[in-house]
Amino acid sequence: MNKEGYKSGFVAIVGRPNVGKSTFLNRVIGQKIAIMSDKPQTTRNKIQGVYTTDDAQIIFIDTPGVHKPKHKLGDFMMKVALNALREVDLILFMVNVEEGFGRGDAFIIERLKEVNTPVFLVMNKIDKVHPDDLLPLIDQYKNLYPFAEIVPISALQGNNVENLVLQIKKYLPEGPQYYPPDQITDHPEQFIIAELIREKALHLTREEVPHSIAVVVERIERREDSDTVYVGAVIIVERDSQKGIIIGKQGRMLKEIGQRARMDIEALLGSKVFLELWVKVQKDWRNRLAQLRDFGFRE
Ligand code: GDP
Ligand code: MG
Ligand code: K
């Protein structure tokens with residue numbers, strides 16, 4: 001599923017509460033996500049939505065710790081959040097033009113200064129203000145941070161949202177479709193499961209394969225007719241020789257990786273697991289996936 005010229009990448013949306021982040025995601029991706037994003041925030045960065053078209057896949061990520069910490073986990077979360085911000089392809093910093101600049105914004109901008117990732121200023125709720133009032137606000141924000149793009153939108157009414165998506169695509173690198181097109185949100189355990197499998201693969205092959213091998217969990221399904229959870233995952237390597245090592249003689253290595261990973265996943269999910277593993281060769285994945293690996297579970 002790795003088409004020539006296909007673009008894909010990770011985009012973090014940050015912004016004070018009520019600026020319209022969920023509304024924007026719903027507008028871009030569809031109804032289902034609202035349910036996801038209403039879940040209480042965890043320390044982990046989580047995928048809020050996956051937008052897939054014929055030419056691009058945008059994976060939107062929530063980074064809770066960017067916002068002013070409210071509890072003891074604050075420092076920890078901030079560290080996780082900053083790491084995530086470093087590794088995404090693009091950050092959307094969303095503000096509410098009706099409210100103007102606030103202290104929460106200043107806090108976020110300080111975090112943005114600590115990373116090199118390009119940042120868009122997304123000025124939301126333009127339906128609430130007169131266009132003349134927008135320009136001074138743009139100037140004010142421009143002075144605070146060198147935004148890669150400044151895009152005014154109305155997430156609620158949809159004004160300029162399509163254009164924003166176009167701009168986002170321009171900033172994404174060429175890459176694979178990480179998620180199946182029908183996948184809208186992520187399963188929270190997905191990355192941990194991927195890492196468990198990767199860990200077993202590295203360990204059992206005595207690190208004969210590089211650390212940059214990646215695991216993408218494509219499916220987690222709780223089947224209604226049994227208490228077994230079905231997990232389908234792909235181990236992605238860069239070379240045929242690595243594929244051979246992972247699969248092993250008569251598939252023995254892959255089987256062993258699967259068995260050991262399954263036990264860990266069962267402990268994690270608290271239920272029986274049927275784990276299906278594939279191995280896929282995908283050239284030039286190293287850079288992208290070395291980064292991907294770190295989402296959500298590290299630190
Ligand atoms: P979040 O906390 O950043 O996720 O913000 P929400 O998406 O939950 O939006 C907060 C409120 O702002 C909701 O009542 C939305 O309907 C409203 N809202 C979001 N975007 C817009 C917009 O473009 N225009 C107007 N007028 N209201 C908006
Ligand atoms: Mg929200
Ligand atoms: K930056």
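These are my notes on the cores, a potassium site and one helix residue in a predicted model.

**Main core.** I looked up the largest nonpolar core and found 29 residues in it. Leu85, Ile91, Phe93, Leu112, Met123 and Tyr141 are the members that touch the most others. I then noted which elements supply at least two residues each: strands S1 (7-14), S3 (56-62), S4 (90-96) and S5 (119-124), together with helices H3 (74-87), H4 (103-112) and H5 (131-144). H5 gives the largest share, 4 residues.

**Second core.** I found another core lying apart from this one, with 27 residues. Leu204, Ile235, Ile246 and Ile265 are among them.

**Met123.** I listed the contacts of Met123, leaving out neighbours within four places in sequence. Val95 and Val97 are on the list, as are Leu137, Ile138 and Tyr141. The run Ile150, Val151, Pro152 and Ile153 completes it.

**Potassium site.** Which atoms coordinate the potassium ion (ligand 3)? I found Leu112 (O), Val115 (O) and Tyr145 (OH), at 2.2 to 2.8 Å. Along the chain these donors follow the spacing L-x2-V-x29-Y. I checked Leu112 and Val115 for burial, and both are buried. Leu112 also appears above, among the core residues that touch the most other members.

**Asp133.** I placed Asp133 in helix H5, the helix with the largest share of the main core. Asp133 counts as partly exposed because its relative accessibility is 48%, and the exposed class starts over 50%. Last, I looked up its distance to Val97: the two C-alpha atoms are separated by 8.9 Å, with the residues 36 apart along the chain. Val97 is also one of the contacts of Met123.

Note on methods:
Residues numbered from 1 in each chain as written. Chains lettered and ligands numbered in written order. Predicted model: local features only at pLDDT ≥ 70, side-chain atom pairs only at ≥ 80, totals over all residues. Heavy atoms only, no water. Core = buried A, V, L, I, M, F, W, Y, C linked by side-chain atoms within 4.5 Å. Buried < 20%, exposed > 50% of the residue type's maximum accessible area, 1.4 Å probe, protein only. Contact = heavy atoms within 4.5 Å. Donors = N, O, S within 2.8 Å, 3.2 Å for Na, K, Ca; no water.
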